[in-house]
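This report walks through a single protein chain, moving from one charged pair to the fold as a whole. Please keep the sequence and the coordinates in view while reading.

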Amino acid sequence: SFTERRLTLSEQLTKKAHNVLVDTIKYATDPAIAPAARDKAFTNIAYTLSVIELELKKTREMTRVNQLDEQACHSFKDDIHERIRLTEEQIGSAMEELKEEQQLRANKLEYDLLAKDVQKYPPRSEMQRKIDQVDKELSEIAKTKNELDKQLDRRKRQFALLMHAARDMQLLLTEPESSSEITEDDQQHDTSTTRSLVGESQQRTKMDEARDAA
């Protein structure tokens, strides 16, 4: 990594600087060294110092560039996070729109099905006409039933009178012939009474029929 390379370079420069310092002290303080050798050594020391200075400048420049790269990376990272957030918001909005579209489509399909079912039935005017016709038929049926009930009631009354007359006739026929208490006048009275009841029943029937017809 950059940090490891930087540490390694710092160690190398430190060693070079240490060697330069040692050589400088040695050649500056040792009187036994010849002047020509001393000058050559100082020339080498000056070259080494220029190399060290250049390495330091390169290191500082690399550090500056790396710092700029780090700042750019942080900025790029923040930009990526912002884009991710915006994308998530757009996805959420798109999902909501998709749900609304799906609901609208489902409603449209349901409406189409209901429309098809409605088309199977006749128009409202025809349905109303059929309803009115059924109401009329029901009214006629109720009227017919009422008339039949009245006729049945008349027939019941007539039948009751006939049964009463029949019982009277039966009583007359079943009495002993030797009875001296029954006279011819009594028989004629009973017969006339029976006929009167029958006539009254027929008259009531005719009156009821005339009232119903009115």
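## A charged pair at Lys108 and Asp112

Asp112 counts as partly exposed, at 28% relative accessibility, in what is a predicted model. The side chain of Asp112 meets that of Lys108 in a salt bridge, with a distance of 3.3 Å from N to O. Lys108, for its part, is exposed, since its relative accessible area of 53% lies in the range over 50% that the term requires.

The two residues are four apart in helix H2, and they are therefore separated by about one helical turn. Side chains of opposite charge can pair when their charged atoms come close.

## Further salt bridges in helix H2

Which residue forms a salt bridge with Glu53? The partner is Lys57, and the closest N and O atoms of this pair are 3.8 Å apart, a value that falls within the 4 Å cut-off for a salt bridge. Glu53 and Lys57 both belong to helix H2, where a spacing of four residues places them about one turn of the helix apart. Glu53 is partly exposed with a relative accessible area of 44%, and Lys57 is likewise counted as partly exposed, at 44% relative accessibility.

Arg64 and Glu61 form another such pair, their side chains meeting in a salt bridge at 2.4 Å from N to O. Here the spacing in helix H2 is three residues, which again corresponds to about one turn of the helix. Arg64 is partly exposed at 40% relative accessibility, while Glu61 is partly exposed with a relative accessible area of 39%.

## Network and total count

Glu82, Arg85 and Glu89 are linked to one another in a network of salt bridges. How many salt bridges does the count come to? The total is nine, under the rule that a side-chain nitrogen of Lys or Arg lies within 4 Å of a carboxyl oxygen of Asp or Glu.

## A nonpolar surface patch

Not every surface feature described here is charged: Phe76, Ile80 and Ile84 form a nonpolar patch on the surface, and together these residues have about 260 Å² of accessible area. Ile80, a member of this patch, is found in helix H2, which covers residues 35–120. With a relative accessibility of 30%, Ile80 counts as partly exposed, because that term covers the range between the buried limit of 20% and the exposed limit of 50%.

## Helix H3

Helix H3 runs over residues 124–174 and has 51 residues. From its first C-alpha to its last, helix H3 reaches 73 Å, which is close to the 75 Å expected at 1.5 Å a residue. Three residues of H3, namely Arg154, Gln158 and Ala165, are buried.

## The chain as a whole

The protein chain has four helices and zero strands, and, when read along the sequence, it follows the pattern α-α-α-α. Among contacts between residues at least 6 apart in sequence, 70% join residues that are at least 24 apart.

What share of the 214 residues in the protein chain is buried? Buried residues make up 8% of them, the term being reserved for residues under 20% relative accessible area. The protein chain exposes about 18,400 Å², and carbon and sulfur atoms supply 57% of that area.

Notes:
Residues numbered from 1 in each chain as written. Predicted model: local features only at pLDDT ≥ 70, side-chain atom pairs only at ≥ 80, totals over all residues. Heavy atoms only, no water. Patch = residues over 30% accessible without salt bridge, like charges linked within 9 Å, V, L, I, M, F, W, Y side chains within 5 Å. Areas by Shrake-Rupley, 256 points an atom, 1.4 Å probe, with all protein chains shown as cover. Buried < 20%, exposed > 50% of the residue type's maximum accessible area, 1.4 Å probe, protein only. Contact = heavy atoms within 4.5 Å. Expected span 1.5 Å × (residues − 1).
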